[in-house]
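User: I'd like to go through some of the labels on this one and hear what backs them up. Can you show it to me?

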2 protein chains.
Amino acid sequence: MSCCEPESSALPPAVSADESARRRRLAELNKALGHPIRVEIVAILRRHETCLCGDIVELLPLAQSTVSQHLKVLKAAGIVQGEIDGPRTCYCLDPAVLDEYRSLAADL
Amino acid sequence: MSCCEPESSALPPAVSADESARRRRLAELNKALGHPIRVEIVAILRRHETCLCGDIVELLPLAQSTVSQHLKVLKAAGIVQGEIDGPRTCYCLDPAVLDEYRSLAADL
DNA sequence: TACCTTTATCGTTGTTCTACGATAAGAGGT
DNA sequence: ACCTCTTATCGTAGAACAACGATAAAGGTA
């Protein structure tokens, strides 16, 4: 019983559809960022040493195909955008989605 | 090229051990919170309708054993604490770990 | 056209996750 | 001691994940 003091008293008991959607979205973003390599990729893009796929591959101890798959996961969640530039692909973060993630995490 | 404007100029190129540990920890927390049911469990505990395992089970469309496994995952990540109270177990959030999660997410 | 470079996708293998029912373990009550 | 209630753990089956090498696709260059 000692661990169960309410931290806020007046909250609606019913679960809105919006809240449910927000939780699913947070779970989706968390899952995409639930691997150390993917967190590191985001950190690399934030640190902004580069945004070319090949350069990211060089910074990581993984095969090119594996990095490409991780980028695909981040892209599917919307965290990262890929812009084809000739034979290369230029990756960058989507700041809005990153904000969405931080906001959802802050609300949890 | 258009997607790659640096958002901050002076950052150390080398990766510190501390940064690496923080990324691993964030990945760990994200993974634990990377399932809709587990996010919902945290929301339930935050909303504070209850903290007894059985009551959580009643709020979810899953078998008791499945809920128990999800609670175990949250417990392993430190997000949740379980306090045995007679034949029951009283679950509650660890506010410090939740803060850690929000802080790491905010820094990403 | 024929290369070369870069990145995405395919196919495979081993691991991990998710869900369930069944069962064990612990606390109380009769 | 026995039974009941609650929760954790076991065992299992199917799905998803993670890594790799091999290969395809797309663009630039000689």
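Analyst: Here is a short round of labels and the definitions behind them. This is a predicted model, where local features need pLDDT of at least 70, side-chain atom pairs count only at pLDDT 80 or more, and totals for chains, interfaces and linings use all residues. Residues are numbered from 1 along each chain as its sequence is written, with chains lettered from A and ligands numbered from 1 in the order in which they are written.

User: What makes β1(A) and β2(A) a pair?

Analyst: Strands (E, at least two residues) are DSSP runs, numbered from the N terminus, as are helices (H or I, at least four). Two strands pair if DSSP finds at least two bridges between them. Six bridges join β1 (residues 80-85) of chain A to β2(A), so they pair, and they run antiparallel. A:V80 stands opposite A:L93, and two residues lie between the strands of this hairpin.

User: Which residues make the contact of α1(A) with α5(A)?

Analyst: A:R22, A:R25, A:L26 and A:L29 from α1(A), and A:Y101, A:L104 and A:A105 from α5(A). Contact here means that C-beta atoms, placed from the backbone, lie within 7 Å.

User: And which residues come nearest to DNA strand C?

Analyst: Of the 23 residues around the strand, those are A:C53, A:G54, A:S65, B:S65 and B:T66. A residue is near a strand if its C-beta atom, placed from the backbone, lies within 6 Å of it. α4(A) gives the most to that surface, with six residues.

Methods. Two residues are in contact if their C-beta atoms, placed from the backbone, lie within 7 Å.
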